[in-house]
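Okay, thanks for coming, everyone. Let me put the structure up and walk you through it.

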Amino acid sequence: MPAPNILIFITDQHRADHLGCYGNPVLRTPHIDALASAGVRAERFYAASTTCMSNRATLMTGRLPSVHGVVHNGINLSLDQTTFVELLRDAGYATALIGKSHLQCFGYDHPDKRAWRPVEGRRTPAEGLRDATKRPRMGEGYGNEWTPDWKAGRRQRVDTPYYGFDHVELCTLHGDQVQGDYARWLAERHPDPDSLRGRDHALPAQGVGAPQAWRTRVPEALYPSSYIGERACGWLESLAAQAGPAAPFFLMCSFPDPHHPFTPPGRFWDLYDPADMPLPASFHAPGGSPLVRGVHDYGRGGGTREGYTAFPVSERECREITALTYGMIGLIDEQVGRVMATLDRLGLRENTLVIFTSDHGDMMGDHGVMLKGPMHYQGVVRVPFIWSDPALPETRRGTVCEAPAGTLDIAGTVLDRAGIAAYNGMQGLSLREALERGAPLPRPGVLVENEPVMFQFGRPRRFRLRTLLTGQWRITQSDDRALCELYDLEKDPLELRNLWDDPGAASRRAELTDLLLAAMIEHADASPLPAGVA
């Protein structure tokens, strides 16, 4: 068989139940649902971290954040880390990234200054604090996504190969604020692109007062999601037009939406009526985690809701944001259909593996909170994963994989499907047996990690979280003992009752703590290989 083409669609801050094929009764996503109908949908698929850069680096390396070192946003993925895309490229694949990368820093100042709290008694990097490593992932090679350079014209393109991608058309930031290659594309199509962007230039939007929501003047055809669809199709067409035998391709189509700000364009702004949006069942439940209480306390204390930190919302705001998020997902779904139609037209569909996933989820009103953070509730850690492979057995098409899996496994699974050996230090599994045959996986569950650096969520000091998710249980351990949690996801799917201190759950807690410890030991770094016997 020829090597398969591989296409990955990835969205940003998109929880699993925000798709029709995952049971959402309101949202219409026919093109993404069609991928699930022709493939396998993973029911329990988890991000390795609820932080964007951390999980994207895990997707690329097949390694946990504590191992590849991107434990929080603002830390570049080391150029010394091997990515699975590099191995595909070395094997002869044409490789391209269209859209958001976020493997390096965007470079904007966070507007939520009140949430920043450096470690007690330590200086911030700006004050000259020296790092433990002599190669601190800064300087030459690490400015490719630095948005101020793109905006000022100091950077015109991404230096390639970029973590294995030979062709990159970049988007930085979110909503109608996107920069990078997109900004130049927009300027070629409109005489005054800045007049289209942002709250100050927004169209009137009566009845919508939610934080970070405005009715953008950017037309549908010029919005970042449409740009990604257009340029992905253009790259596929240019590849098909090349003379000589066609190399297999790997294309990552990466949408900055449905991340905030909430700016769906044109008809997608009011495609869904906020009045039709049901509130989450846990909206009025405060949640068992002090982190959620910290978010509510921060909101009551006058903390900003215009930054990247989770914030509390009213019922009306929750419904408005949900409707706008659904609108953004609707436009993404159309672009997925556009790219898939191009594959059909070019005769590429029958040898192209298609994956759909996201980098992490969103609380989206769960426990009265919006956005994300180190809260390991299902809405944030559980993401969609669809594997639509023409080589799937007919009996597996339209089925559901119940085995707990996650972003950590994507790299190894793709390499296995391409017939390429994984590299030393890759920690994820190949999911092929589970996807193609419904086989169980040889591990008890999936690890999730968080190490908040900038935002402390009301805690007195920096803390770390380690979670193990099995088919039934979620256990979260922390060096901040007040943050430890235990939930029975079968009996308590809304995660309302923390069983950590429940005497009746003591034996289960001990068992799961043992499994979590064993999983952490198993996932210790196996790299580098020894250079000699001694």
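Let's start with a small thing: which residue forms a salt bridge with R437, with the closest N and O atoms 3.4 Å apart? That's E436. And before I go on, keep in mind that this is a predicted model.

So, E436 has another salt bridge, this one with R432, and there the closest N and O atoms are 3.0 Å apart. Why can those two meet? E436 and R432 sit 4 residues apart in helix α12, residues 432-437, so about one helical turn separates them.

How about burial around there? E436 counts as buried because its relative accessibility is 11%, under the 20% cut-off. R432, at 22%, counts as partly exposed, and R437, at 56%, is exposed. If you zoom out a little, these residues belong to a network of salt bridges that links D416, R432, E433, E436 and R437.

Over the whole structure there are 44 salt bridges. One more I'd like to show you is R497 with D502, at 2.6 Å from N to O. R497 is exposed there, with a relative accessible area of 52%.

A quick word on confidence. The chain averages a pLDDT of 93, and 95% of the residues score at least 70. The stretch to be careful with is 109-124, where pLDDT stays under 50. For those residues the model has 33 contacts beyond four places in sequence.

Now the sheets. What is the strand order in the open sheet of 9 strands? It goes β6-β5-β4-β7-β1-β9-β11-β2-β12, and the pairing is mixed. The edges are β6, residues 179-180, and β12, residues 399-401; each has a single partner strand, so one side of each has no neighbour in the sheet.

At the β12 end, β2, which is residues 40-42, pairs with β12 in the parallel sense over 3 bridges. If you want a spot to click on, R41 has V400 in β12 as its bridge partner.

Helices pack on this sheet too. α1 touches β1, β2, β9 and β11, and its direction makes about 60° with that of β11. Then there's α7, which touches β4, β5 and β7, with its direction at about 170° to that of β7.

That takes us to the inside. As a general point, nonpolar side chains in soluble globular proteins tend to be buried together. Here, the largest nonpolar core has 62 residues, and L7, F9, L251 and V336 have the most contacts inside it. Several elements give two or more residues to this core, including β1, α1, β4, α7 and β7. The largest share comes from α9, with 13 residues.

Take V336 as an example. Leaving out neighbours within four places in sequence, V336 is in contact with F9, H31, I32, L35, F255 and F356. Apart from that core lies another one, of 51 residues, with V85, W387, A403 and L435 among them.

Last stop is another sheet. This one is open and has 4 strands, in the order β14-β15-β16-β17, with antiparallel pairing. Here β14 (446-450) and β17 (485-488) are the edge strands; each has a single partner, so each has one side left without a neighbour in the sheet. On average, neighbouring strands are turned by 10° against each other, ignoring direction.

I'd look at β15 in particular. Is it enclosed or open to the outside? 5 of the 5 residues of β15 are buried, so the strand is largely enclosed by the rest of the structure. Remember that side chains in a regular strand alternate between the two faces of the sheet. In β15, L465, T467 and L469 point one way, while R466 and L468 point the other way, and all of these are buried. And yes, that list has an arginine in it, R466.

Who are the partners of β15? On one hand, β14 pairs with β15 over 5 bridges, antiparallel, with L447 opposite L468. On the other hand, 5 bridges join β15 to β16, residues 473-478, again antiparallel. There, T467 stands opposite T476, and R466 has Q477 as its bridge partner. β15 and β16 form a hairpin with 3 residues between them.

That's my tour. Happy to spin the model around if anyone wants another look.

How values were computed: Residues are numbered from 1 along each chain as its sequence is written. This is a predicted model: local features need pLDDT of at least 70, side-chain atom pairs count only at pLDDT 80 or more; totals for chains, interfaces and linings use all residues. Side-chain values use heavy atoms; hydrogens and water are left out. A salt bridge is a side-chain nitrogen of Lys or Arg within 4 Å of a carboxyl oxygen of Asp or Glu. Buried means under 20% relative accessible area, exposed over 50%, partly exposed in between (1.4 Å probe, protein chains only). Two strands pair if DSSP finds at least two bridges between them. Axes are lines fitted to C-alpha atoms, for helices over the stretch in contact, and angles run from 0 to 180 degrees between N-to-C directions. pLDDT is the predictor's confidence in each residue, from 0 to 100. Contact means heavy atoms within 4.5 Å. A nonpolar core is a set of buried Ala, Val, Leu, Ile, Met, Phe, Trp, Tyr and Cys residues joined through side-chain atoms within 4.5 Å.
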